[in-house]
Amino acid sequence: MGLVSGIVVFIVSFTGALYVFHTEIKDAMEPWRFVEPQQKAYVAPGVLLDTAAVYVENANATGLTYDGRGGAAAVGFWLNENGKRTFKAVFMNPYTAEFIHLGEPFAKKFDFFRFVMHGHRFLWLPEKIGKYVVGISVL
């Protein structure tokens, strides 16, 4: 019994330790979300919207976000592609309106850290079973 619960505790500990650094790992894997801070004002929002419209055809911008001094500006677009509604974001330097990245931040793709958290909380089992297996093993 100790060996089985020890394996569960090891997995829970390892996935927890990995998840602690998820922000730093994501920041390293997505460098396009950041810009070098400058001591000047941002360009006008209209300039960012016009620049973003060049990269996303047949769509109107639905939002503009500034992410602080060291963050990129993002212009969001909801699109109907092949009968499917999708969201795209154009990331730009807010100081120069220079294009950085075009992405689908909410695309249904594999999310490594969601997988890690599911293992940490439920041992990759169905939630109703996994929470008891993890809880009893850790206790």
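## Close-up views of a predicted model

**View 1. S137 in helix α5.** The side chain of S137 contacts the backbone oxygen of V133 at 2.8 Å. This is a predicted model. S137 belongs to helix α5. Its relative accessibility is 16%, so S137 counts as buried, the cut-off being under 20%. Setting aside residues up to four places away in sequence, S137 touches S5, V8 and V9. V12 lies 125 residues from S137 along the chain, yet their C-alpha atoms are separated by 9.8 Å.

**View 2. V134, also in helix α5.** Helix α5 covers residues 127–138 and contains V134. V134 has 8% relative accessibility and is therefore buried. Its contacts, beyond neighbours within four places in sequence, are V8, V12, H120, R121, F122 and L123. V8 thus appears in the contacts of V134 and in those of S137. T51 is another matter: 83 residues separate it from V134 along the chain, and their C-alpha atoms are 50 Å apart.

**View 3. Helix α4 and its cover.** Helix α4 spans residues 112–122. Its buried residues are F113, V116, G119 and F122. An α-helix has 3.6 residues a turn, so residues three or four places apart point the same way. The cover over the buried residues of α4 includes α1 (2–20), α2 (22–29) and α5. From α5, V134 contacts F122.

**View 4. The two ends of α4.** D111 caps the N-terminal end of the helix. A side-chain oxygen of D111 lies 3.2 Å from the backbone nitrogen of F113. F113 is itself one of the buried residues of α4. Just after the helix comes L123, with a positive phi of about 55°. L123 is also among the contacts of V134.

**View 5. T86 in strand β3.** Strand β3 runs over residues 84–92 and includes T86. The relative accessible area of T86 is 13%, so this residue is buried. T86 touches F77, W78, L79 and E81, with residues up to four places away in sequence not counted.

**View 6. N93 in the loop after β3.** N93 sits in the loop between β3 and β4, the latter being residues 99–103. Although in a loop, N93 is buried, at 11% relative accessibility. The N93 side chain reaches the backbone nitrogen of Y95 at 2.8 Å. Not counting residues up to four places away in sequence, N93 touches V35, Q38, L48, E98 and I100.

**View 7. The whole chain, for orientation.** The protein chain has 5 helices and 4 strands. Their order from the N terminus is α-α-α-β-β-β-β-α-α. The C-alpha trace spans about 65 × 45 × 15 Å along its principal axes. The radius of gyration is 21 Å, whereas a compact globule of 139 residues would have one near 14 Å. Buried residues make up 28% of the chain. Among contacts with a separation of 6 or more, 46% join residues 24 or more positions apart. The exposed surface is about 9,600 Å², with 61% supplied by carbon and sulfur atoms. The chain carries 13 positive and 12 negative charges, and their mean positions are 9 Å apart.

Technical notes: Residues numbered from 1 in each chain as written. Predicted model: local features only at pLDDT ≥ 70, side-chain atom pairs only at ≥ 80, totals over all residues. Heavy atoms only, no water. Rg over C-alpha atoms; globule rule 2.2 N^0.38 Å. Buried < 20%, exposed > 50% of the residue type's maximum accessible area, 1.4 Å probe, protein only. Contact = heavy atoms within 4.5 Å. Areas by Shrake-Rupley, 256 points an atom, 1.4 Å probe, with all protein chains shown as cover. Lys, Arg positive; Asp, Glu negative; His and termini not counted. Charge placed at Lys NZ, Arg CZ, Asp CG, Glu CD. Polar contact = N/O pair within 3.5 Å; in protein donor to acceptor, adjacent residues only side chain to side chain.
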